[in-house]
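Hi,

Here is the structure I said I would pass on to you. Have a look at it first, and then read on for what I found in it.

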Amino acid sequence: MNLFSGRPTSFDPAWATHGLPGTAQPNIARAFHTLGQQVDLLLVPGLFGSGPDHWQSHWEQAYGLRRLQQKDWETPDPADWEAALTEAVEASARPAFLIAHSLGAVLTAKWLTRHGGRRVAGAFLVAPADIDQTTHPDVALIRAFGPLPTTPLPAASAVMASSNDPWLSLPRARELAGHWQSDFLEAGAAGHIGSSEPLGLWEHGATAMLDFARRRLPLRVQ
């Protein structure tokens with residue numbers, strides 16, 4: 001079912017932005033606008049927040065998205081971060097669509113497991129930090145957010161992962177997507193898909209997210 005028209009569809013040309021030089025960005029911007037009329041788009045950053053070079057920051061500026069704020073990005077406290085997300089979701093005028101990265105994706109998955117999906121239309125989980133298995137030197141800063149959920153998430157979700165992410169191996173990303181009954185999407189060799197990678201507006205990720213929303217979000221969300 002197409003979220004925007006209410007008609008069953010297998011292909012919608014308005015979303016087909018691949019391979020169209022000069023037209024991809026306007027199409028993506030229009031699609032973000034259309035999606036934003038149905039749901040509240042909320043960016044959920046990870047450890048240290050998302051700096052000015054992060055794709056989340058680019059999306060915030062280019063598409064007018066709202067960003068979740070935390071008291072402390074450097075030494076995150078699970079209870080504080082969960083409370084902030086709860087407040088943001090409850091303040092949403094429409095069902096929330098959570099666009100999360102790294103520790104933000106972990107926070108989102110755990111929040112959905114704890115609170116349910118009644119007020120959430122969907123979640124796009126990019127490079128969730130594998131707290132349980134990673135050997136990344138910064139894992140001690142986020143260990144308190146573990147363990148990762150192992151049950152299906154109560155809202156439509158997608159996990160997008162990179163083939164050379166130091167925080168999350170591709171096989172483990174597939175495993176998590178299976179546990180959560182999430183769509184699994186590959187980002188190519190894009191590292192941790194964060195501030196260290198020169199992704200700009202990351203059109204590949206935007207197109208994948210918008211296509212996921214077109215396919216999986218319900219027409220009417222209570």
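Let's start in the middle of the sheet. Strand β4 (residues 120–126) runs parallel to β5, and the two are paired over five bridges. If you want a spot to find that pairing by eye, look for Ala123, whose bridge partner in β5 is Ser157. Please keep in mind as you click around that this is a predicted model.

On its other pairing, β5 meets strand β6 (residues 183–186), again in the parallel sense, this time over four bridges. There, Ala161 stands opposite Glu186 of β6. To get from β5 to β6 the chain passes through helix α5 (residues 170–180), and this β-α-β crossover is right-handed.

How buried is β5 (residues 156–161)? Six of its six residues are buried, so the strand is largely enclosed by the rest of the structure. That holds for both faces: Ala156, Ala158 and Met160 point one way, Ser157, Val159 and Ala161 point the other way, and all are buried.

Now zoom out to the whole sheet. It is open and built from six strands in the order β2-β1-β3-β4-β5-β6, with parallel pairing. The edges are taken by β2 (66–67) and β6; each has a single partner strand, so one side of each is left without a neighbour in the sheet. For β2 that partner is strand β1 (residues 40–44), paired in the parallel sense over two bridges. Leu43 is a handy marker here, as its bridge partner in β2 is Arg67. In case a reminder helps, strands of a sheet pair through backbone hydrogen bonds, either parallel or antiparallel.

As for the chain overall, you will count six helices and six strands. Along the sequence they come in the pattern α-β-α-β-α-β-α-β-β-α-β-α. The chain has 222 residues, and buried ones make up 54% of them. Of the contacts between residues at least 6 apart in sequence, 76% join residues at least 24 apart. The exposed surface comes to about 9900 Å², with carbon and sulfur atoms supplying 52% of it.

One helix I spent some time on is α4 (residues 103–115). With 13 residues at 1.5 Å a residue, α4 should span 18 Å, and its end C-alpha atoms are 18 Å apart, which agrees. Which residues of α4 are buried? They are Leu103, Gly104, Ala105, Val106, Leu107, Thr108, Ala109, Trp111 and Leu112. What do these buried residues pack against? The answer is β1, α3 (78–90), β3 (96–101), β4 and α5. Just after α4 comes Gly116, which takes a positive phi of about 85°.

Last, a residue to look up: Gln70, in the loop between β2 and α3. Its relative accessibility is 9%, and since the cut-off for buried is under 20%, Gln70 counts as buried. The Gln70 side chain reaches the backbone oxygen of Trp81 at 3.5 Å. Apart from neighbours within four places in sequence, Gln70 is in contact with Asp80, Trp81, Ala84 and Leu107. Leu107 is also one of the buried residues of α4, and that gives you a way to walk from this loop back to the helix.

Over to you, and happy browsing!

How values were computed: Residues numbered from 1 in each chain as written. Predicted model: local features only at pLDDT ≥ 70, side-chain atom pairs only at ≥ 80, totals over all residues. Heavy atoms only, no water. Buried < 20%, exposed > 50% of the residue type's maximum accessible area, 1.4 Å probe, protein only. Pairing = 2+ DSSP bridges. Right-handed = clockwise from strand over helix to strand, strands pointing away. Contact = heavy atoms within 4.5 Å. Areas by Shrake-Rupley, 256 points an atom, 1.4 Å probe, with all protein chains shown as cover. Expected span 1.5 Å × (residues − 1). Polar contact = N/O pair within 3.5 Å; in protein donor to acceptor, adjacent residues only side chain to side chain.
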